[in-house]
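Reader: I would like a close look at a single part of this model, taken slowly and with the cut-offs stated wherever a term depends on them. Please begin with the aromatic side chains and follow them outward to whatever they touch.

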Amino acid sequence: MRIALSTPNTKRLRRAVELAIGPLLLLAVWWIAAKGGWVNKDLLPPPFETLRDTASNIWSGSMTKDFSRTLVRVSYSIVIAIVAGVPIGIILGAKATIYRSVEFIVDFFRSTPATALFPLFLLLFGLGDLAKVAVAAFAAWLVIVFNVAYGVMNARQTRILAARSMG
């Protein structure tokens, strides 16, 4: 007779093992591909060499400037996406006729990855930070617009009436 012990620690351990399988499998395939010579080592160095170089760059401080510039670009992108996306999402979600009139455009952009439009953004904004911020802002804007619009469309009517009565 087998007795199954199901304690919180056992569940946590099982969950940790489940979460670790994917990354460990990725590292194993990466290591095998690099050591087996399947790819050029200049294009894909072994994982432990990459991790060692990354750690040494972090500890030496040489990545601080790049990391901070990336955080600034991400911050600009998120602010632009929120400021432009929330009002448009509310308008699209509140008026079904407006949503139906632009539904084709919404579906087109939902099915097109923002990174596929990167060459267009390069043509419009050039090679600098502006193009990077524009692509990230556009990708975030799409997510915000769709989620706000769907949230407004699927809101309970009683909540909408309560919000209108409160101004």
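Reader: Which residues form one aromatic cluster?

Author: The cluster is made up of Phe121, Phe125, Phe138 and Trp141. Before looking at it closely, note that this is a predicted model, in which local features need pLDDT of at least 70 and side-chain atom pairs count only at pLDDT 80 or more, while totals for chains, interfaces and linings use all residues. Residues are numbered from 1 along each chain as its sequence is written, and side-chain values use heavy atoms, with hydrogens and water left out.

The wider setting comes first. Across the whole structure, a search finds four aromatic pairs (rings of Phe, Tyr and Trp, the last by its six-membered ring, with centres within 6.5 Å; planes under 30 degrees apart are stacked, over 60 edge-to-face, the rest tilted). One of these pairs joins Tyr99 and Tyr150, whose ring centres are 6.3 Å apart and whose planes meet at 70°, so this pair is edge-to-face. Tyr99 and Tyr150 link distant parts of the chain, since 51 residues separate them, with Tyr99 in helix α4 (residues 96-101) and Tyr150 in helix α7 (residues 129-153); helices here are DSSP runs of H or I with at least four residues, numbered from the N terminus. Tyr99 is buried, with a relative accessible area of 10%, whereas Tyr150 is partly exposed at 26% (buried is under 20%, exposed over 50%, partly exposed in between, with a 1.4 Å probe and protein chains only).

Two members of the cluster, Phe138 and Trp141, also pair, and their ring centres lie 6.1 Å apart with the planes at 20°, so Phe138 and Trp141 are stacked. Both belong to helix α7 and, because they are three residues apart there, about one helical turn separates them. Phe138 counts as buried at 16% relative accessibility, while Trp141, at 22%, counts as partly exposed.

The same two side chains lead on to a second feature, the largest pocket. Its lining consists of Ile88, Leu92, Ile98, Val102, Ile105, Val106, Phe109, Phe138, Trp141, Leu142, Val145 and Phe146. Two or more residues of that lining are given by each of α3 (64-94), α5 (103-111) and α7, and the largest share, five residues, comes from α7. A pocket is an open set of points on a 1 Å grid where a 1.4 Å probe fits, with protein on both sides within 12 Å along at least five of seven lines, and lining residues have an atom within 4 Å of a point.

Phe109 ties the lining to the cluster. Phe109 sits in helix α5 and, at 24% relative accessibility, counts as partly exposed. Once its neighbours within four places in sequence are set aside, Phe109 is in contact with Leu117, Phe138 and Leu142, contact meaning heavy atoms within 4.5 Å. Phe138 is therefore a cluster member, a lining residue of the largest pocket, a contact of Phe109 and a buried position at 16% relative accessibility. Looking the other way along the chain, Phe109 lies 30 Å from Ser68, C-alpha to C-alpha, with their places 41 residues apart in sequence.

Just beyond α5, Thr112 is placed in the loop between α5 and α6 (118-125). Thr112 is buried, with a relative accessible area of 16%.

Helix α3, which also gives residues to the pocket lining, holds Arg73. Arg73 is buried, at a relative accessible area of 17%, and, when residues up to four places away in sequence are not counted, it touches Asp129, Lys132 and Val133. Arg69 is placed in helix α3 as well, but Arg69 is partly exposed, with a relative accessible area of 39%. From Arg69 to Gly37 the C-alpha atoms are separated by 35 Å, the two residues being 32 apart along the chain.

One further position gives a sense of distance in the model. Ser165 is found in helix α8 (residues 157-165) and counts as exposed at 62% relative accessibility. The C-alpha atoms of Ser165 and Ala33 are separated by 63 Å, with the two residues 132 apart along the chain.

To return to your question, the four residues of the cluster are Phe121, Phe125, Phe138 and Trp141, and the stacked pair of Phe138 and Trp141, with planes at 20°, also takes part in lining the largest pocket.
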